[in-house]
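Work through the exercises below with the sequence and the model open. Each one sets a task and is followed by a solution in steps.

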Amino acid sequence: MIRLIRSELIKLRTTNMWWIFLLCSVAFVGLALLINTAQADSDLSTPDYLNQAPPPGMSPQDQADFLAQQQAAKDEAAANHTAAGLARIAANVYTSGQFFGLMMVMLLAILLITNEFYHQTATATFLATPKRTKVIAAKLITGGAMAVIFWFIATLINIVVGAIFFSSEGVANSLGHWTAQQAILLNLLVYVLWGIFGIGIGVLIRSQIGATITAAVVYTIGTYAALAMLALIREYLIKEDWVLEAAVYIPPLASEHVVGSLRGQMGDTHLPARWVGVVVLVGWAVILGTIGTLITRKRDIA
């Protein structure tokens, strides 16, 4: 098995695509950091209107509404400066770039297996190792290892920039708080699982172009098309909260839910516990990994 893993790592290192995907991942991390730190700055700032008196000429009801909204905003601002509030904001910053970073990991993992068919080396690979399950296991391990590298680089950038940002804001960086630590560690798990997803997709769709384009379109457009569909169903057909809560069963959104960043997109929707997202992702990984292994064992490779 060690020999197979070493062989897969050599194949990955010699391809010209891995560093392009890595650079794209770093670029997306930078863009996401810019957005997330701007959002964090807004969450940590205290708007001037919080200390203003109601404008003159307001009716008693309008004044009451103004004061109620003002108090709610004050409570939110105060909550953001508590240890728990800072840790929640930090968790979002320290996992910046996850959405597109996972897509880069998935696409590179797809190439790990579709390259075998594109360059017609699959036959030689399986002749050298007749037990195809071992070959797939080696590719799954390699895909996971590659995902760890992508996660490490993204997390290192996020922590360095995030720590500098929180220092400039005059607040704690929350790196010692379990909420932030948990988000970082769960993000590692998510990256590894998406590496497994990519291997499974590559087995199901052997065409390199077909697999990468299909996966990228479904991941990006398909994810939010599904979310929009759930919103329409909730609005016009089934007016139950569980319809929107079902968003956590969509793998990319489950990934965001695991690290706590989905809640900001879903408004007042009551989402299930974060471990549900972990179960969803592990379930998808087991399904795709198992199907990929079974298909490879029985498919005619030649």
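## Exercise 1: Two pairs of valines and partners

Val279 is located in helix H12, which spans residues 274-298. The model is predicted.

Task: Classify Val279 by accessibility and state how far it lies from Ala254 in sequence and in space.

Solution. Step 1: the relative accessible area of Val279 is 49%. Step 2: the partly exposed class covers values between 20% and 50%, so Val279 is partly exposed. Step 3: Val279 and Ala254 are separated by 25 residues in sequence, and their C-alpha atoms are 9.2 Å apart.

Task: Do the same for Val160 and Tyr94.

Solution. Step 1: Val160 belongs to helix H7. Step 2: its relative accessibility is 44%, so Val160 counts as partly exposed. Step 3: Val160 and Tyr94 are 66 residues apart in sequence, with 9.1 Å between their C-alpha atoms.

## Exercise 2: Overall architecture and confidence

Task: Describe the secondary structure of the chain and say where confidence is lowest and where it is highest.

Solution. Step 1: the protein chain has 12 helices and zero strands. Step 2: the mean pLDDT of the chain is 85, and 90% of the residues reach at least 70. Step 3: confidence is lowest in helix H6 (residues 122-128), with a mean of 60, and highest in helix H4 (residues 83-94), with a mean of 94.

Task: State what share of the residues is buried, and what share of the contacts joins residues at least 24 apart.

Solution. Step 1: the chain has 302 residues, of which 43% count as buried. Step 2: among contacts between residues at least 6 apart in sequence, 78% join residues at least 24 apart. Step 3: the accessible surface of the chain is about 15,500 Å², and carbon and sulfur atoms account for 67% of that surface.

## Exercise 3: The nonpolar core

Task: Identify the residues of the largest nonpolar core that touch the most other members, and the helix that gives the core its largest share.

Solution. Step 1: the largest nonpolar core holds 63 residues. Those touching the most other members are Met106, Leu107, Phe150, Phe166, Tyr191, Trp194 and Leu281. Step 2: helix H5 (residues 98-118) supplies the largest share of this core, 12 residues. Step 3: in soluble globular proteins, nonpolar side chains tend to be buried together.

Task: Which residues does Trp194 contact, leaving aside neighbours within four places in sequence?

Solution. Trp194 is in contact with Leu102, Val105, Met106, Tyr219, Pro251, Pro252, Ser255 and Leu281.

Task: Is Thr212 buried or exposed, and which residues does Thr212 contact beyond four places in sequence?

Solution. Step 1: Thr212 sits in helix H9. Step 2: its relative accessibility is 18%, and the buried class is under 20%, so Thr212 counts as buried. Step 3: beyond four places in sequence, Thr212 contacts Leu107, Ile110 and Leu111.

## Exercise 4: The nonpolar surface patch

Task: List the residues of the nonpolar surface patch and name the helix that contributes the largest share.

Solution. Step 1: Met229, Leu232, Tyr236, Leu237, Ile238 and Trp242 make a nonpolar surface patch of about 710 Å². Step 2: helix H9 (residues 208-236) gives the patch its largest share, three residues. Step 3: Tyr236 lies in helix H9. The relative accessible area of Tyr236 is 62%, so Tyr236 is exposed.

## Exercise 5: A salt bridge

Task: Count the salt bridges and describe the pairing of Arg234.

Solution. Step 1: the count comes to one salt bridge, with a cut-off of 4 Å between nitrogen and oxygen. Step 2: Arg234 pairs with Asp241, the closest N and O atoms being 3.2 Å apart. Step 3: Arg234 is partly exposed at 24% relative accessibility, and Asp241 is partly exposed at 49%.

## Exercise 6: Two loop residues

Task: Where is Ser174, and what is its phi?

Solution. Step 1: Ser174 is in the loop between helix H7 (132-169) and helix H8 (178-204). Step 2: its phi is positive, about 65°, although Ser174 is not a glycine. Step 3: most residues other than glycine have a negative phi. Step 4: Ser174 counts as buried, at 8% relative accessibility.

Task: Locate Met58 and give its contacts beyond four places in sequence.

Solution. Step 1: Met58 is in the loop between helix H2 (18-44) and helix H3 (60-80). Step 2: Met58 is partly exposed, at 27% relative accessibility. Step 3: Met58 touches Gln63 and Phe66.

How values were computed: Residues are numbered from 1 along each chain as its sequence is written. This is a predicted model: local features need pLDDT of at least 70, side-chain atom pairs count only at pLDDT 80 or more; totals for chains, interfaces and linings use all residues. Side-chain values use heavy atoms; hydrogens and water are left out. Patches are made of residues with over 30% relative accessible area and no salt bridge: like charges are joined within 9 Å, nonpolar side chains (Val, Leu, Ile, Met, Phe, Trp, Tyr) within 5 Å. Accessible areas come from the Shrake-Rupley method with a 1.4 Å probe; for residues, only the protein chains shown count as cover. A salt bridge is a side-chain nitrogen of Lys or Arg within 4 Å of a carboxyl oxygen of Asp or Glu. Buried means under 20% relative accessible area, exposed over 50%, partly exposed in between (1.4 Å probe, protein chains only). A nonpolar core is a set of buried Ala, Val, Leu, Ile, Met, Phe, Trp, Tyr and Cys residues joined through side-chain atoms within 4.5 Å. Contact means heavy atoms within 4.5 Å. pLDDT is the predictor's confidence in each residue, from 0 to 100.
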